[in-house]
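Work through the exercises below with the sequence and the model at hand. Each task is followed by a solution in steps.

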Amino acid sequence: MTAETHLQGTEISATQFFEIWHHYDSDGNGYMDGKELQNFIQELQQARKKAGLDLTPEMKAFVDQYGKTPDGKIGIVELAQILPTEENFLLFFRCQQLKSSEDFMQTWRKYDSDHSGFIDSEELKSFLKDLLQKANKQIEDSKLTEYTEIMLRMFDANNDGKLELTELARLLPVQENFLIKFQGVKMCAKEFNKAFEMYDQDGNGYIDENELDALLKDLCEKNKKELDINNLATYKKSIMALSDGGKLYRAELALILCAEEN
């Protein structure tokens, strides 16, 4: 079955949802934009018509919002809002626990308990189980395993079997995912270490809120296209959610500012 065929369904399974996303996010960058988004909208309308189904109110609102906007951008969360997806799977994208970047960062700290910089499949499974429990939903372990595997397939961009901070952040709506903005300002390891030592002015091995403030101000000045200094307080609050009692250690800041070295 093709992705367009899946769009004709009255309820889309978790696997079908993954296939639709994978098909339309053709460059694999984690969101649909430009031609990808326009193709999706066109084929959604065609598929519903072919199946004798009207667009749902959510679909109509979506088409109105993005159908005539060439610079529109949506993530997995936005797609999940309009497709009639299996209820339990959809809850992962609607859970109120992850309604802001700050909430997300605090959640990340909880599940990346060993500070490894990634969440493996078992940690992800626990994370998903807790999300469902918060929504008062119980599912069989086999179904939870299936969801875990699908989430890994959806989010694991480099196919290493684990999720990094920026990969799991796709659970956030695009407008809430401030990490997208930081993709364009990441430094190589050498540059990052030099910057960390420069802003860790007292040399105590971590950056406090004031030192982070100075670092972010300089980043905003140097990268005005990506970062807006008017959002400085939001950036700082979200990043400090990774800190240990107000102490932001090198490994945690590296999740935001240090690019992977090939």
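**Exercise 1. Decide whether Gln 106 is buried, partly exposed or exposed, and locate it relative to Ile 239.**

Solution. Step 1: the cut-offs are under 20% relative accessible area for buried, over 50% for exposed, and partly exposed in between, with a 1.4 Å probe and protein chains only. Step 2: Gln 106 has 42% relative accessibility, so it counts as partly exposed. Step 3: Gln 106 belongs to helix α7; helices here are DSSP runs of H or I with at least four residues, strands are runs of E with at least two, and both are numbered from the N terminus. Step 4: from Gln 106 to Ile 239 the sequence separation is 133 residues, while their C-alpha atoms lie 9.5 Å apart.

The model is predicted: local features need pLDDT of at least 70 and side-chain atom pairs count only at pLDDT 80 or more, whereas totals for chains, interfaces and linings use all residues. Residues are numbered from 1 along each chain as its sequence is written, and side-chain values use heavy atoms, with hydrogens and water left out.

**Exercise 2. Find which residues of helix α14 are buried and what they pack against.**

Solution. Step 1: helix α14 covers residues 232–240, and its buried residues are Leu 232, Tyr 235, Lys 236, Ser 238, Ile 239 and Met 240. Step 2: these buried residues pack against the helices α7 (101–111), α11 (179–182), α13 and α15 (250–257), and against the strand β6 (248–249). Step 3: take Ser 238 as an example; it is in α14 and has 2% relative accessibility, so it counts as buried. Step 4: with neighbours within four places in sequence left aside, Ser 238 is in contact (heavy atoms within 4.5 Å) with Ser 101, Glu 102, Met 105 and Phe 178.

**Exercise 3. Describe the setting of Lys 217.**

Solution. Step 1: Lys 217 sits in helix α13, residues 209–222. Step 2: its relative accessible area is 39%, so Lys 217 is partly exposed. Step 3: not counting residues up to four places away in sequence, Lys 217 touches Ile 229 and Leu 232. Step 4: Leu 232 is also listed among the buried residues of α14. Step 5: Leu 227 is 10 residues from Lys 217 along the chain, and their C-alpha atoms are separated by 9.7 Å.

**Exercise 4. Contrast the exposure of Val 174 and Glu 149.**

Solution. Step 1: Val 174 lies in the loop between α10 (165–168) and α11. Step 2: its relative accessibility is 18%, so Val 174 counts as buried. Step 3: Val 174 touches Lys 73, Ile 74, Gly 75, Glu 78 and Ile 180, residues up to four places away in sequence not being counted. Step 4: Leu 53 is 121 residues from Val 174 in sequence and 28 Å from it in space, C-alpha to C-alpha. Step 5: Glu 149 is in helix α9, residues 141–155, and at 48% relative accessibility it counts as partly exposed. Step 6: Glu 149 and Asn 193 are 44 residues apart in sequence, and their C-alpha atoms are 35 Å apart.

**Exercise 5. Summarise the whole chain: its elements, its compactness and its buried share.**

Solution. Step 1: there are 15 helices and six strands. Step 2: the radius of gyration, taken over C-alpha atoms, is 20 Å, close to the 18 Å of the globule rule for 262 residues, so the chain is as compact as a globular protein of that length. The globule rule is 2.2 Å times the number of residues to the power 0.38. Step 3: the C-alpha trace spans about 65 × 40 × 35 Å along its principal axes. Step 4: of the 262 residues, 46% are buried. Step 5: among contacts between residues at least 6 apart in sequence, 62% join residues at least 24 apart.
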